[in-house]
Amino acid sequence: MAVHEHPRRSSGFHLPSLRRRRTASAPESAVSAHAGTSTPRAYAFASLRLLTGFVFLWAFLDKTFGLGYATPSGKGWIDGGSPTKGFLGSVAAGPMESTFHSWAGDLWADRLFMLGLLGIGLALVAGVALRLAAVAGTMMMALMWIAEWPPAKHLSDGSASMSPNPFVDYHLIYAVALIVLAAAAAGDTLGAGRLWARLPFVRDHDWLR
């Protein structure tokens with residue numbers, strides 16, 4: 001304390017400069033960040049991201065062009081088919097059964113559903129806007145979970161629902177996967193996440209990361 005009250009000539013002992021410490025730590029931080037995107041854990045998240053993204057993209061492509069898998073050839077969206085009519089029209093249980101029936105085949109429902117599949121798929125494959133994709137994907141999966149309504153033991157016609165689990169199904173698994181990928185910044189490995197985060201409008205709006 002006396003040093004501050006009675007300034008003296010330096011005795012040769014110097015505290016480390018904060019400026020020097022920051023300068024020295026910058027390359028170390030860069031190396032640490034680079035190493036963090038090259039670990040087995042980072043590659044595991046990146047693999048999950050790419051596979052999940054392909055699920056959404058494939059659904060979009062199959063429903064658009066009728067590739068003969070879930071969507072028969074000639075009944076794709078470009079052929080005049082409806083991506084939502086079959087699924088929503090066949091809802092047979094749950095509190096929104098009549099609502100989903102009224103939505104089935106509507107132009108706005110088809111466009112919104114297909115835009116969601118495409119946008120979420122592209123975001124995951126590219127590794128960008130994962131937070132936005134997680135929100136949109138979770139909402140989509142929640143609606144699809146309600147449409148299938150796993151808690152029901154019987155359908156509205158009285159037949160057995162054959163639900164394998166009253167709570168957890170693949171829609172919830174996808175929703176949790178999307179949230180985990182966004183939280184883990186999974187786009188930084190094998191993706192454009194780091195470049196995306198450097199864009200000015202993304203830096204100014206953190207929810208776009």
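Here is a short briefing on the fold, the main pocket, one helix and a loop of this protein. The model is predicted, so please read every value below as computed from predicted coordinates. The protein has 209 residues, and 29% of them count as buried. Its secondary structure comes to 10 helices and zero strands.

**Overall fold**

- Starting from the N terminus, the elements run α-α-α-α-α-α-α-α-α-α.
- For contacts between residues at least 6 apart in sequence, 61% join residues at least 24 apart.
- The accessible surface of the protein is about 13600 Å², and carbon and sulfur atoms account for 66% of that surface.

**The largest pocket**

- If you are looking for empty space in the model, the largest pocket has a volume of about 770 Å³.
- Its lining is made up of 28 residues, and those nearest the pocket centre are Phe113, Leu117, Met140, Met141 and Met144.
- Two or more lining residues come from each of α3 (40–65), α4 (85–89), α5 (97–103), α6 (107–126), α7 (130–148) and α8 (170–183).
- Helix α6 gives the largest share of the lining, with eight residues.
- By residue class, the lining of the largest pocket holds 24 nonpolar residues, three polar ones and one charged one.

**Helix α3**

- Helix α3 has 26 residues, and at 1.5 Å a residue they should span 38 Å.
- The end C-alpha atoms of α3 lie 37 Å apart, which agrees with that expected span.
- Which residues of α3 are buried? They are Ala42, Ala46, Arg49, Thr52, Gly53, Phe56, Leu57, Phe60, Asp62 and Thr64.
- Arg49 and Asp62 are worth finding in your viewer, as both are on that buried list.
- Just after α3 comes Gly66, with a positive phi of about 60°.

**The loop between α8 and α9**

- Ala185 sits in the loop between α8 and α9 (193–198).
- The phi of Ala185 is near 50°, which is a positive value in a residue other than glycine.
- Ala185 has 32% relative accessibility, so Ala185 counts as partly exposed.
- Leu190 is also found in the loop between α8 and α9.
- Although Leu190 is not a glycine, it has a positive phi of about 55°.
- Is Leu190 buried or exposed? Leu190 has a relative accessible area of 53%, so this residue is exposed.

Key:
Residues numbered from 1 in each chain as written. Predicted model: local features only at pLDDT ≥ 70, side-chain atom pairs only at ≥ 80, totals over all residues. Heavy atoms only, no water. 1 Å grid on protein atoms, 1.4 Å probe; cavity = no way out; pocket = protein on both sides within 12 Å on 5 of 7 lines; lining within 4 Å. Points joined across faces, edges and corners; volume = space filled by probe spheres on them. Helix = DSSP H or I, 4+ residues; strand = E, 2+ residues; numbered from the N terminus. Nonpolar A, V, L, I, M, F, W, Y, C, P; charged D, E, K, R; others polar. Buried < 20%, exposed > 50% of the residue type's maximum accessible area, 1.4 Å probe, protein only. Expected span 1.5 Å × (residues − 1). Contact = heavy atoms within 4.5 Å. Areas by Shrake-Rupley, 256 points an atom, 1.4 Å probe, with all protein chains shown as cover.
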